[in-house]
Amino acid sequence: MEINIGAWCGVGVIAILLWHAFGFLNWVWFKPKKIEKYLRKQGLKGSSYRFLYGDMKDMGKMIKEAKSKPISLSDDIVPRILPFHHKAVTSYGKVCFTWMGPRPMVHITEPAMVREIFVNNYQFQKPRGGNPYIKLLATGLVDAETHRWSKHRKIINPAFHVEKLKHMVPAFYTSCVEVINKWEEMLKNERSCEVDVWPYLQTLSADAISRTAFGSSFEEGKRVFELQREQAKLVMQLIQSVYIPGSRCISTKKNKRMKEIDREVKALIRGIIDKRVIAMKAGEHSNDDLLGILLDSNNQEIKQHGNSSSGLSIDEVIEECKLFYFAGQETTGNLLVWTMILLAQHKNWQARAREEVLLACGEKKPDIHKLNHLKIVSQ
């Protein structure tokens with residue numbers, strides 16, 4: 001009996017291609033439709049799944065359209081910032097679903113349910129898979145689950161204790177004074193001028209985080225921020241389209257740049273950490289910044305349990321440092337801008353806040369004790 005090896009190889013290749021074709025169809029059609037049926041059976045309302053893209057084309061179109069129009073101070077901010085999500089919740093209810101490509105997104109805007117999810121973090125865990133580009137921004141605590149989350153939280157927590165934050169007030173003050181001096185310089189020969197405050201406040205928050213995260217190494221920290229900001233822009237461009245598994249490995253211009261940024265950020269933070277570890281071994285104690293507190297807390301955890309696995313590795317410390325930037329910089333800058341907009345809208349509150357600051361601080365440099373008296377500003 002003769003065996004035609006070529007024919008068998010051909011059959012094998014066809015079988016493999018059919019297997020992969022079925023896998024692709026299952027990913028982009030059969031599985032999403034099955035999940036949609038299951039969600040509707042549970043009583044949830046939402047958009048119907050559409051092949052491969054889901055709602056992503058609609059999402060991109062609505063965001064582009066919203067940003068193309070001017071916004072008045074009296075307009076509702078939510079349809080402008082989150083037009084697609086606002087429409088989904090308005091159309092389908094406070095608990096509904098939409099589609100990020102073949103993946104369903106369940107939107108939960110019921111406060112009681114949100115609270116239950118956060119409290120039961122062992123039961124409600126973060127979804128695995130998805131777009132791997134997001135991990136280039138930061139992982140650390142935001143990505144951790146169950147026992148790993150508890151370990152990271154325990155070690156990081158001392159950095160945000162109110163007693164530690166008190167020591168950071170002078171760094172915040174220095175960053176604020178630099179911005180105010182720039183604004184005063186613009187007014188040198190003018191009675192008044194128009195200023196786009198957003199770029200200044202973005203720089204302010206980045207500078208403040210650099211000083212409080214890395215202390216004397218804040219200039220190197222500022223370079224980390226610049227790179228993280230560039231990385232965020234590239235990642236945001238890519239996650240607005242459907243991620244094809246394996247596409248991250250393709251040698252495109254964007255992929256190359258993102259890998260370069262990731263390597264440089266890690267190298268910069270590792271260099272700062274190495275210098276700090278050497279200083280700590282030499283007997284220098286610098287626990288007035290986030291990195292110093294984090295390293296000190298990590299060392300204490302390792303000493304207490306007698307093994308390095310109970311603490312964070314250097315790579316994990318690097319990811320937590322990246323997270324300081326990603327989670328704190330733009331959010332803080334945007335919050336300050338929005339606060340200024342609200343104060344501009346409600347001038348009576350602006351006058352009350354200003355009066356309170358002058359009463360508590362006068363012309364003197366603010367410290368933590370004076371700041372504690374700012375009840376209206378705290379609101």
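Among contacts between residues at least 6 apart in sequence, 63% join residues at least 24 apart. Keep in mind that this is a predicted model. The protein has 379 residues, and 31% of them count as buried. Its secondary structure comes to 16 helices and three strands. Taken along the principal axes, the box filled by the C-alpha atoms is roughly 100 × 60 × 45 Å. To get a feel for distances in there, pick out Gln 304 and Leu 17: they sit 287 residues apart in sequence, and their C-alpha atoms are 55 Å apart in space. Gln 304 belongs to helix H12, and with a relative accessible area of 59% this residue is exposed.

Now let's turn to three helices, H10, H11 and H13. Two packed helices are described by the angle between their axes and the distance between the axes, so those are the things to look for as we take the pairs in turn.

Start with H10, residues 218-239, and H11, residues 253-281: their axes come within 10 Å and cross at roughly 155°. Angles over 145 degrees count as roughly antiparallel, and that makes H10 roughly antiparallel to H11. The crossing of this pair is left-handed. Who does the touching? On the H10 side you'll find, among others, Val 224, Leu 227, Gln 231, Leu 234 and Leu 238, while H11 brings residues including Met 258, Ile 261, Val 265, Leu 268 and Ile 272. Sorted by class, the residues of this contact are 11 nonpolar, four polar and eight charged.

Next, follow H10 to its meeting with H13, which covers residues 314-345. The axes of H10 and H13 come within 10 Å here too, and the angle is roughly 65°. This crossing is right-handed. From H10 come Gly 221, Lys 222, Val 224, Phe 225 and Gln 228, and from H13 come Lys 322, Tyr 325, Phe 326 and Gln 329. Four of the residues in this contact are nonpolar, three are polar and two are charged. Look back at H10 for a moment: Gly 221, Val 224 and Gln 228 take part in this contact with H13, and these residues also take part in the contact with H11.

The remaining pair is H11 with H13. Their axes are 10 Å apart, and the helices pack at an angle of about 110°, so H11 and H13 are roughly perpendicular to each other. H11 offers Asp 262, Val 265, Lys 266, Ile 269, Arg 270 and Ile 273, and they meet Ile 314, Asp 315, Val 317, Ile 318, Glu 319, Cys 321 and Lys 322 of H13. The class count for this contact is seven nonpolar, no polar and six charged residues.

Just past H11 there's a residue to stop at. Asp 289 sits in the loop between H11 and helix H12, which runs over 290-305. Is Asp 289 buried or exposed? Its relative accessibility is 4%, so Asp 289 counts as buried. The side chain of Asp 289 has a polar contact, at 2.9 Å, with the side chain of Arg 276. Setting aside neighbours within four places in sequence, Asp 289 touches Met 168, Arg 211, Thr 212, Ala 213, Phe 214 and Gly 215 as well as Arg 276.

Another aspartate can be found much earlier in the numbering. Asp 55 lies in the loop between strand S1 (45-46) and helix H2 (56-67). Because its relative accessibility is 2%, Asp 55 counts as buried. Its side chain is joined to that of Arg 50 by a polar contact of 2.9 Å. Once neighbours within four places in sequence are left aside, the residues in contact with Asp 55 are Ser 47, Arg 50, Phe 84, Thr 98 and Trp 99.

While you're in that loop between S1 and H2, have a look at Leu 52. Leu 52 is buried, since its relative accessible area is 15%. The backbone is worth a glance as well. Most residues other than glycine have a negative phi. Leu 52 is not a glycine, yet it has a positive phi of about 65°. Thr 146 is not a glycine either, and its phi is positive at about 40°. You'll find Thr 146 in helix H6, residues 146-156.

How values were computed:
Residues are numbered from 1 along each chain as its sequence is written. This is a predicted model: local features need pLDDT of at least 70, side-chain atom pairs count only at pLDDT 80 or more; totals for chains, interfaces and linings use all residues. Side-chain values use heavy atoms; hydrogens and water are left out. Axes are lines fitted to C-alpha atoms, for helices over the stretch in contact, and angles run from 0 to 180 degrees between N-to-C directions. Helices (H or I, at least four residues) and strands (E, at least two) are DSSP runs, numbered from the N terminus. Angles under 35 degrees count as roughly parallel, over 145 as roughly antiparallel, 65 to 115 as roughly perpendicular and the rest as oblique. A crossing is left-handed if the near helix is turned anticlockwise from the far one by less than a right angle, and right-handed if clockwise. Contact means heavy atoms within 4.5 Å. Ala, Val, Leu, Ile, Met, Phe, Trp, Tyr, Cys and Pro count as nonpolar, Asp, Glu, Lys and Arg as charged, and the others, Gly among them, as polar. Buried means under 20% relative accessible area, exposed over 50%, partly exposed in between (1.4 Å probe, protein chains only). A polar contact is a pair of N or O atoms within 3.5 Å; within protein, one must be able to donate a hydrogen and the other to accept it, and residues adjacent in sequence count only if both atoms are side-chain atoms.
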